[in-house]
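Please report on the open and enclosed spaces in this structure, and on the helices beside them.

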Amino acid sequence: MARGKFITLEGGEGAGKSTQCTALAAVLRDQGLEVLETREPGGSPGAEEIRELLVHGSAGRWDAQTEALLVFAARRDHFVTRIEPTLSRGAWVICDRFADSTYAYQGYGRELPLEPLRALYRFTIGERQPDLTLLFDLPVEIGLARAAGRRGAAERFESLTSVFHERVRQGFLAMAAAEPQRFAHIDATQPLEDVTLEVRRSVAARLGVPL
Ligand SMILES: Nc1ncnc2c1ncn2[C@@H]1O[C@H](COP(=O)(O)OP(=O)(O)O)[C@@H](O)[C@H]1O
Ligand SMILES: [Mg+2]
């Protein structure tokens, strides 16, 4: 059985990641593929417990290093118990945020150096990378307004400043420019249906599935 493909969705708050994650999982399932739709932080029972620590409470609850270690602890549990076993039995995994969010939020946003974060990636995940990373890019203010319009209480990261979110955005853009073979840059200001279409086209072109 061929190994499944691993697709990650990245971008700031309110960019449309979760909406597009569900839509993409549905079109891939229509093609007869088995798909695990998952998210970070979280995605496995152990990692969801760590997620609670990360997304609730005051913005200053954790310093940047502690936050990075919690994120990678959650990621390893998720990867080892769910992502890797799913890929190795030939199913696809679509993950709403993954390691690029750590580089963007704790690295560019909280201004931790990137190299220790990359070392933590190697320590917890190893050499494997996503087969495709969809970056949903849009101006910070539009994203935060969309996120605020969503149902439910604002989460911890949404309460950080626009300056922080702008660093996060620029970080994602820099990473996408540095790794164009892995990243597909998607203009998330487009109407929802147009974004959905662009996602399907990117996945079809990059991963060779007829969508
Ligand atoms: N292209 C779009 N145009 C307008 N609104 C959108 C678009 N994509 C998503 N939304 C809406 O914006 C809000 C945030 O979308 P969501 O998928 O939760 O973003 P994220 O997971 O990236 O934070 C939701 O209410 C969603 O319906
Ligand atoms: Mg989301």
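## The largest pocket

Seven helices and strands each supply at least two lining residues to the largest pocket of this predicted model: α1 (17-30), β2 (35-39), α2 (45-55), α3 (64-88), α4, α6 and α8 (192-207). The largest share comes from α1, with 6 residues. The volume of this pocket is about 1000 Å³.

In total, 44 residues line the largest pocket. Glu13, Lys17, Ser18, Arg97 and Arg150 lie nearest its centre. By class, the lining has 17 nonpolar, 12 polar and 15 charged residues.

## Helix α1

Helix α1 leads the lining of the largest pocket. How does its length compare with what 14 residues should span? At 1.5 Å a residue, α1 should span 20 Å, and its end C-alpha atoms are 20 Å apart, which agrees.

The buried residues of α1 are Lys17, Gln20, Cys21, Leu24, Ala25, Val27 and Leu28. They cover an arc of only 170 degrees around the axis, so they sit on the same side of α1. An α-helix has 3.6 residues a turn, so residues three or four places apart point the same way.

The buried residues of α1 pack against β1, β2, β3 (92-96), β4 and α8. Lys17 has two roles here: it is buried in α1, and it is among the residues nearest the centre of the largest pocket. Just after α1, glycine 32 takes a positive phi of about 90 degrees.

## The second largest pocket

The second largest pocket has a volume of about 180 Å³. Its lining includes Asp100, Tyr103, Arg118, Tyr121, Arg122 and Gly126. Glu127, Gln129, Met175, Ala178, Glu179 and Arg182 also belong to this lining.

Which elements each supply at least two residues of this lining? They are α4, α5 (114-124) and α7. The most comes from α5, with 3 residues. By class, the lining of the second largest pocket divides into 4 nonpolar, 2 polar and 6 charged residues.

## Helix α7

Helix α7 (residues 162-178) has 17 residues. At 1.5 Å a residue, it should span 24 Å; the end C-alpha atoms are 24 Å apart, which agrees.

Phe164, His165, Val168, Gly171, Phe172, Met175 and Ala176 are buried in α7. Their arc around the axis is only 130 degrees, which puts them on the same side of α7. On the other side, Val163, Ala177 and Ala178 are exposed.

What covers the buried residues of α7? The cover includes β1 (6-11), α4 (99-109), β4 (132-137), α6 (140-149) and β5 (183-187). Two residues of α7 link this helix to the second largest pocket: buried Met175 and exposed Ala178 both appear in that lining.

## The cavity

How many cavities of 30 Å³ or more does a search of the whole structure find? The search finds 1. About 140 Å³ of space lies in the largest cavity. Two or more lining residues come from each of β4, α6 and α7. Helix α7 gives the most, with 4 residues.

The cavity lining has 15 residues, of which Gly12, Glu13, Leu138, Val140 and Arg169 lie nearest the centre. By class, the lining divides into 8 nonpolar, 4 polar and 3 charged residues. Glu13 appears twice in this report: among the residues nearest the centre of the largest cavity, and among those nearest the centre of the largest pocket.

Technical notes
Residues numbered from 1 in each chain as written. Chains lettered and ligands numbered in written order. Predicted model: local features only at pLDDT ≥ 70, side-chain atom pairs only at ≥ 80, totals over all residues. Heavy atoms only, no water. Expected span 1.5 Å × (residues − 1). Buried < 20%, exposed > 50% of the residue type's maximum accessible area, 1.4 Å probe, protein only. Arc of directions from axis to C-beta. Contact = heavy atoms within 4.5 Å. 1 Å grid on protein atoms, 1.4 Å probe; cavity = no way out; pocket = protein on both sides within 12 Å on 5 of 7 lines; lining within 4 Å. Points joined across faces, edges and corners; volume = space filled by probe spheres on them. Nonpolar A, V, L, I, M, F, W, Y, C, P; charged D, E, K, R; others polar.
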